[in-house]
Amino acid sequence: MSKTLEKNENIKMITGDPKRAIRKLSVPMMISMLLIMMYNIADSIWVAGLGADALAAIGFITPLFTVLVGLGNGIGAGANSLIARYIGADDFSEANNAGLHAIVLSIIVSAIFTFIMIAAMVPILEIMGAGDSIKYALDYGYIIFGFLFIFVFSGVESAIFRSEGDMRRATIAIAVTAILNIILDPIFIYYLNLGITGAAWATIISCTMSILVMSYWIWGKKDLFLDLSPKNFNYSTKIIIDTLQVAIPSTLENVIFSALAIIINSMLVIVAGTTAVAVYTASMRIVQLTMIPLIGIGTAVLTVAGVAYGAHNYENLKVGHSYSIKIGFAISITLGAIMVIFSNQIATAFSYTSASAALAPEIATAISVLSLFVLAIPHGIMSSMMFQGVGKGIYSFIITVLRSLIAESVFAYLFCFIFGWGLVGIYAGVVFGCFVGGTVGYVWAKFFIHKFKGICEDRYGNM
């Protein structure tokens, strides 16, 4: 059968040359992430025309939204892992059941956190220091969190497609969201004069369309490898636990990133008010865009490392880790240079109206300094993803905590308040903290690989 042949070809690829596998696996993930980032940036660019307070509101809502969408991605990752393992074991009934359990979990989790966020949004935003931008943040946040199910469910559906190797349709669904959101943003915000609520509704509608497309493929055409008919659902506590064992650590990492954003936003407010949050929000959107290739490579490393570790293939583990860092740095140097050279032009995209024109020089400065962040992260992120691949998720989590929550926030505080560098000190602290934390992770990864070599030699003799 063609499905079997394709499956065998994929297995040959990930068990063969690690360099080739990393290159082939990276590209689809990069495209998907680029599309996601495109519509995030579109929101920021169009909202920036409403002024600094509106843009800052997006900055306050984003870390909260990231955590909750991370729940959907975490449940999807758990389902992805379980479905793939059951398919590999030719247990297709349990593969179907795992997919259906993920869908049920997405409904339950969405309902719980929608209630929590609607009830607690005002005090949360006040603690974060939203200040003058709180009205904008509430207008945007009530709509986004009121329809949280759409984002969580979309993440789970996309993961189901990826679990059976169907990256093409998973990417098409994301493209529908991105393109439609970019089209609807200016219409809803300016033509219909809905302001920041227009940005929220554009996001809701575009994501809903991608759900409808994927749902048609799953339950309309029914041409997936899996059969997700309700009749195949058979409640299993084991499947719930197995899914959550992946979902919880994945979500916690998103919590760390969001906690860092909250800490940095608080420092920015203290130093220069909510305008500084608007500047940082716009600049970090560009940084996140340039990180897409690195995360795509890191996702590939996860697969390659897992296969090599399972096969006790020390050489492939070592080569995959080292090669990913080399190409990661090569890409980072190129993208970092582009950010510096075109910082003024990039800043203009976020300051094209009279309400936001004054932000341009500050955004250009922030982009120039934060371009170094892209250079500081490859060795850390590849080491973290390698640990996830070999099943040491707690190691990856520790590296994330050390790099993002501790090092970046501590150095940002030191450089800004103790050394007196102000806003630039916060930017520089984030960059330096990322490099220090990533270096610790890199050394740890090298030590682990060296130890793994000894285990392989003891088991199989000299390699």
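**Aromatic pairs and a nonpolar surface patch**

The structure holds 14 aromatic pairs. The model is a predicted one.

One of the pairs joins Y280 and Y427, whose ring centres are 6.2 Å apart; because the planes meet at 5°, the pair is classed as stacked. Planes under 30 degrees apart count as stacked. Y280 belongs to helix α10, which spans residues 274-290, and Y427 to helix α17, which spans residues 422-460, so the pair ties together parts of the chain that are 147 residues apart in sequence. Both ring-bearing residues can be placed on the accessibility scale, where buried means under 20% relative accessible area. Y280 has 9% relative accessibility and therefore counts as buried. Y427 is likewise buried, with a relative accessible area of 3%.

A further pair consists of F387 and W444, with ring centres 5.4 Å apart and planes at 55°, so this pair is tilted. F387 is located in helix α15 (residues 378-389) and W444 in helix α17, so parts that are 57 residues apart in sequence are tied together by the pair. Helix α17 thus contributes Y427 to the stacked pair and W444 to the tilted pair. The two partners of the tilted pair are given separate accessibility classes: F387, at 0% relative accessibility, counts as buried, whereas W444 is partly exposed, with a relative accessible area of 26%.

Aromatic residues are also grouped beyond single pairs. One aromatic cluster is formed by F411, F415, F419, W421 and F432.

In helix α14, which covers residues 360-376, lies S371. With a relative accessibility of 3%, S371 counts as buried. When residues up to four places away in sequence are not counted, S371 touches G336, M339 and V340.

On the surface, a nonpolar patch is formed by F147, I179, I183, I187, Y191, L192, L194, W201, I205, M209 and L212, which together have about 1000 Å² of accessible area. The elements that give two or more residues to this patch are α7 (167-191) and α8 (196-221). One of the patch members, M209, is placed in helix α8. M209 has 36% relative accessibility and so counts as partly exposed. Membership of a patch requires over 30% relative accessible area, and the 36% of M209 lies over that cut-off.

Definitions and conventions: Residues are numbered from 1 along each chain as its sequence is written. This is a predicted model: local features need pLDDT of at least 70, side-chain atom pairs count only at pLDDT 80 or more; totals for chains, interfaces and linings use all residues. Side-chain values use heavy atoms; hydrogens and water are left out. Rings of Phe, Tyr and Trp (its six-membered ring) pair if their centres lie within 6.5 Å; planes under 30 degrees apart count as stacked, over 60 as edge-to-face and the rest as tilted. Helices (H or I, at least four residues) and strands (E, at least two) are DSSP runs, numbered from the N terminus. Buried means under 20% relative accessible area, exposed over 50%, partly exposed in between (1.4 Å probe, protein chains only). Contact means heavy atoms within 4.5 Å. Patches are made of residues with over 30% relative accessible area and no salt bridge: like charges are joined within 9 Å, nonpolar side chains (Val, Leu, Ile, Met, Phe, Trp, Tyr) within 5 Å. Accessible areas come from the Shrake-Rupley method with a 1.4 Å probe; for residues, only the protein chains shown count as cover. A salt bridge is a side-chain nitrogen of Lys or Arg within 4 Å of a carboxyl oxygen of Asp or Glu.
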